[in-house]
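I opened this notebook to record how the helices pack against each other and where the nonpolar cores lie. The entries follow the order in which I looked things up.

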Amino acid sequence: MLTRELLHREWAAFRRPARLIALAASALVVIAAGLLSAAGNRVSCQGPCPADPAAADGSNVGDRFWFLHRDLGREGVITVRMTSMTGTITYPPPHHDRIVTGLVPWAKAGIIIKDGVRQGSSYAALMMTGGHGVRMQYDYRHDIAAGEAALVPRFPRWLRLTRSGDTVTGSESADGRRWHTVGTVTLAGLPATAQAGLFATSPGDLTLREVGLGGAVEESRFTQATGVFDHVTVVGGSAGPWRGEAVGEMNQTDWEKYHNASGAVERDGVVTVSGTGDIGPIGSEGAVAVERTLPGLVIMLIVVIVLAARFGARPDTAVSRRVLTARAVVVGAATFAAGLAAVGVVLPAGVAILGGNGVPVQPVSALTGVRVVAGTAVVLALCAVLAYGLGVLLRRGRAAIALTLSLVAVPYVVTAFPFLPDDVSRWLLRLTPAAGFAVQQTAVEYPQVVAHYAPSAGYFPLPGWAGFAVLCAYTAAVVWPAVKRTPGERPAHR
């Protein structure tokens, strides 16, 4: 059993000035690096910078599309027949002359009911997509697939949205007679008069360019989608004219200016709507994740590994299990306190500086912020205990340092950059103790958003709890045999 006197004695042995100074200095490096990085990251615009769209929960979202709309009352229906959907993809410099006909998988065209035309406002949409068939999406994060028969894009396709108060039901049909309900959703607070109409949008085509030893960086190509509709009917609402406008900025590219402008055209009952952009969530590509304020954390990780491994490999004679356990507790507690102080200061301060510099930061809840701060401190503490255990087992400080750095620091560093192939980086963060740093991740992977979901872009292959479990398993596998040594087994040399 660990007693207060034993812990106090081992703490007194640990708190040599050199160790405390090293811990404090590493914490200051985390703070300084984070603040300097945030201060050097700024957005400059000619005039006021446009605000990024934000949903009702404060999260940054994509909300840019062409909207042909009219008023819809509390009870109403919009029905269309979609006869075709086409698109174009424009290559970036130096290939501006290369225009490819085709649709990206998540290009969208269909009908939508929206709380006005303000970006970020609540909506429900029923659409045909470029590669995923008919979908019903609402309030940016939610995606509902139609039945198996509607998963393959086929034309013509009938689409219908029915509003009853705050409830919106989406239905699709192949012939306009037999209807299949795709989904029914609730849009809390939808006003008495909403906007209903036709839309088209198309996110950038993501391609990956190889760098390093097989790593990848993202490149995006401009795309545009065009939907053709007829049999457009609206029941409910005023009999006012249709209005066409861009939600968000549009018609700024050379393709739109000189070839095919985004917009809506009606001729003989046939409506053609073209647009670019996206309606949905955005991840770390659109806003800085809060954990990106910790560029100096790797320095602290290296320092605590060196201190803990050397402390574990001290040239003692006979040492009891209680003493070894007490030393592990002291090492972990000291590292946790230093890590908590460093991350607890730099994360909120760095986010505030980024916001002041006009840099969009993906908002997180208070609970998520606590998880990132406390979780990072706990992971640092476990890494220190792991290094201490290896020092006890190997009896050589340098060997323990080298092994712990190879298991923890090296995977953590090389996967943070687009250096290795994405699959290699993912396996490193599944199989090594560096998996524990998944507790930091706040970026969310969305199936309906094409993005570079790789470690170098801030996405760990394991959820936070699973990565933390991997680190705990490594630590237990090392510390348990280390503290099970019987007195007299420890040699008096390093």
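Entry 1, H5 against H6. I listed the contact residues in this predicted model and found that Leu324, Arg327, Ala328, Val331, Gly332, Thr335, Phe336, Gly339, Leu340, Val343, Gly344 and Leu347 of H5 meet Val372, Val373, Ala374, Thr376, Ala377, Val378, Leu380, Ala381, Ala384, Val385, Tyr388 and Val392 of H6. Sorted by class, the contact of H5 with H6 holds 18 nonpolar, 5 polar and 1 charged residues. For the geometry I noted an angle of about 150° with the axes 7 Å apart, and H5 passes H6 in a right-handed crossing.

Entry 2, H6 against H7. Here I found that the axes come within 8 Å and cross at roughly 140°; angles over 145 degrees count as roughly antiparallel, and H6 and H7 are therefore described as oblique to each other. Their crossing is right-handed. On the H6 side I wrote down Cys383, Leu386, Ala387, Leu390, Gly391 and Leu394, which meet Ala399, Ala400, Leu403, Thr404 and Val408 of H7. This contact of H6 with H7 divides into 9 nonpolar and 2 polar residues, with no charged ones.

Entry 3, H4 against H7. I next took helix H4 (residues 297-312) and helix H7 (residues 397-414), whose axes come within 9 Å and cross at roughly 155°, and H4 and H7 are therefore roughly antiparallel to each other. H4 passes H7 in a right-handed crossing. The contact draws on Leu297, Val298, Leu301, Ile302, Ile305, Val306, Ala309 and Arg310 of H4, and, from H7, on residues including Gly397, Ala400, Ile401, Thr404 and Tyr412. I counted the classes as 14 nonpolar, 2 polar and 1 charged for the contact of H4 with H7.

Entry 4, the cores. Which residues have the most contacts inside the largest nonpolar core? I found Leu297, Met300, Leu301, Tyr388 and Phe437 in that role, in a core of 65 residues. The elements giving two or more residues to this core are helix H1 (4-14), helix H2 (17-39), H4, helix H5 (321-356), helix H6 (366-394), H7 and helix H9 (464-483). Apart from this core lies another, of 37 residues, with Ile78, Ile113, Ala124 and Ala225 among them.

Entry 5, Met300. Leaving out residues up to four places away in sequence, I found that Met300 touches Ser26, Ala27, Val30, Ala338, Gly339, Ala342 and Leu380.

Note on methods:
Residues numbered from 1 in each chain as written. Predicted model: local features only at pLDDT ≥ 70, side-chain atom pairs only at ≥ 80, totals over all residues. Heavy atoms only, no water. Axes fitted to C-alpha atoms, helices over the stretch in contact; angles between N-to-C directions. Helix = DSSP H or I, 4+ residues; strand = E, 2+ residues; numbered from the N terminus. Parallel < 35°, antiparallel > 145°, perpendicular 65-115°, else oblique. Left-handed = near helix turned anticlockwise from the far one by under 90°. Contact = heavy atoms within 4.5 Å. Nonpolar A, V, L, I, M, F, W, Y, C, P; charged D, E, K, R; others polar. Core = buried A, V, L, I, M, F, W, Y, C linked by side-chain atoms within 4.5 Å. Buried < 20%, exposed > 50% of the residue type's maximum accessible area, 1.4 Å probe, protein only.
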